[in-house]
Amino acid sequence: MRCDTVWKDARLATLIAGDPGIVDHGIVAAKDGDIIYAGPAADAPMLDARHSIGCDGRWITPGLIDCHTHLIHAGNRAHEFELRLAGASYEQIARAGGGIVSTMHATRAATQDGLVASALPRLDALLAEGVTTVEVKSGYGLDIETELRMLRAARQLGEARAVRIATTFLGAHALPPEYADDADGYIAMLCDVLVPRIVALGLADAVDGFCEGIGFTPAQIGRLFAAAASHKLPVKLHAEQLSNSHGARLAADHRALSADHLEYLDEDGIAALARSGTVATVLPGAFYFMNETRRPPIDALRDRQVPIALATDCNPGTSPLTSILLVMNRGATLFHLTVEECLAGVTRNAARALGLGHRIGTLEAGKRCDLAIWDIERPAELVYRMGYNPLHARIWSGQ
């Protein structure tokens, strides 16, 4: 069997669901950017490889996936961090004109090139830790021009770096000043104007919303989701972060790819996620940064076999985090996820949260050859360490 590259003398963590996933003497072979074999060397077909790379016993995992980021934005909110240290709540800051609206003003003033330039260092930090796919949301423009500019900038990141960028339209992130006291009118504009424009331009892979007391009601998000469905766009949802708005149940009813945050998720929402197959994406960076105390109900999600993903939630206000390795550590220490759950959360389940589980997230034939090669003795090291990066090599699409 001819192939482009074979990585040999490796230990594999394949992350295939329902499989132990550990191969002590393994190889990975790729052709035209796809894996054609990943498994024990003893079971491999005869391979005629143009390039053969010895891994000297290093571990290979799927390339890591950050499935929830707000990577594109201008400015920062360090001053609001100071206010929170002094006792102000997230809601108090938001209602006083800070929060998302504060970043909105800075982002509206930025050019597309400026947005790309400011995002690239954040993206590079993720790539340096073995990330090969990143979801990037809009949502800091809150008007037609800037939302489109943000999505174009996100697409441009994928041209500037060897990385897969999944773009998400998050127009329903906050209420802009132009629609003060008219949330229904703003949602109507998103449904009637922006969603069709974005679809026509091919700028978004999914639609997201913020279902919360300081965001939008389930009824308003439901209208947005119906508009997305009419254009065959999948949906995701920020749900149950600050209160229980029954957003997870709404997300499940619309067969959402994921429901994210979930600190206030109740049993009804858990059951709905289990029925729909919607991924529960938990975001320990925001939990930590905001000094929250109510954890997502991990045990109940686990008991119901709801797939759990992990992500940085990289954003300027509540999770200025660009380390997927630290996310895994925080997922274990703060949310009590196991090592295997943390690894699956940034590979297999993260891929599913983006609707890409058929192409990435595991080491198996037919998947894209996105690999992270590690200088470690056991996978637990990826979760155990803080502030240390054992990445040896990052492979994207076989390169």
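**Figure 1. An open, parallel sheet of 8 strands in a predicted model**. Start with the strand order, which reads β6-β7-β8-β9-β10-β11-β12-β13, with parallel pairing. At the edges sit β6 (64–66) and β13 (308–310), each of which pairs on one side only. From one strand to the next, the twist averages 25°. Keep this order at hand, as the views below return to several of these strands.

**Figure 2. Strand β12 beside the edge strand β13**. These two strands pair in the parallel sense, with 3 bridges between them. To find your place in the pairing, look for Ala280, which stands opposite Ile308 of β13. Two helices that pack on the sheet can be brought into the same picture. Helix α4 (residues 112–127) touches β6, β7 (131–137) and β8 (164–172), and its direction makes about 145° with that of β7. Helix α5 also packs on the sheet, where it touches β7 and β8; the angle between its direction and that of β8 is about 170°.

**Figure 3. Val282 and its surroundings**. Val282 belongs to strand β12 (residues 279–282). Its relative accessibility is 0%, so Val282 counts as buried, the cut-off being under 20%. Beyond its neighbours within four places in sequence, Val282 is in contact with His261, Pro296, Ile298, Ile308, Ala309, Leu310, Ala311 and Phe335. For a sense of scale, Arg394 is 112 residues from Val282 in sequence, and their C-alpha atoms are 25 Å apart in space.

**Figure 4. Strand β10, covered on both faces**. In a regular strand, side chains alternate between the two faces of the sheet. In β10 (residues 236–239), Lys236 and His238 lie on one side, Leu237 and Ala239 lie on the other, and all of them are buried. Strand β9 (residues 206–211) pairs with β10 in the parallel sense over 2 bridges. Within that pairing, Cys211 has Ala239 of β10 as its bridge partner. Between these strands the chain passes through helix α7 (residues 218–230), making a right-handed β-α-β crossover from β9 to β10.

**Figure 5. From β10 onward to β11**. Strand β11 (residues 258–261) runs parallel to β10 and is joined to it by 4 bridges. Look here for Lys236 once more: its bridge partner in β11 is Ser258. Together with helix α8 (residues 247–253), the two strands make a right-handed β-α-β unit.

**Figure 6. Ser245 in the loop between β10 and α8**. Ser245 has a relative accessibility of 15%, and because the cut-off for buried is under 20%, it counts as buried. Which residues does Ser245 contact, leaving aside its neighbours within four places in sequence? They are Cys211, Glu212, Gly213, Pro218 and Glu240. Among these, Cys211 is the residue whose bridge partner in β10 is Ala239.

**Figure 7. Helices α5 and α6 packed against each other**. Two packed helices are described by the angle and the distance between their axes. The axes of α5 (residues 144–160) and α6 (residues 183–201) come within 11 Å and cross at roughly 30°. This crossing is right-handed. On the α5 side, the meeting residues are Ile144, Glu147, Leu148, Leu151 and Arg152; α6 brings Met189, Val193, Leu194, Arg197, Ile198 and Leu201. Sorted by class, the contact has 8 nonpolar, no polar and 3 charged residues.

Methods:
Residues are numbered from 1 along each chain as its sequence is written. This is a predicted model: local features need pLDDT of at least 70, side-chain atom pairs count only at pLDDT 80 or more; totals for chains, interfaces and linings use all residues. Side-chain values use heavy atoms; hydrogens and water are left out. Buried means under 20% relative accessible area, exposed over 50%, partly exposed in between (1.4 Å probe, protein chains only). Two strands pair if DSSP finds at least two bridges between them. A crossover is right-handed if, with the strands pointing away from the viewer, the path from the first strand over the helix to the second runs clockwise. Axes are lines fitted to C-alpha atoms, for helices over the stretch in contact, and angles run from 0 to 180 degrees between N-to-C directions. A crossing is left-handed if the near helix is turned anticlockwise from the far one by less than a right angle, and right-handed if clockwise. Contact means heavy atoms within 4.5 Å. Ala, Val, Leu, Ile, Met, Phe, Trp, Tyr, Cys and Pro count as nonpolar, Asp, Glu, Lys and Arg as charged, and the others, Gly among them, as polar.
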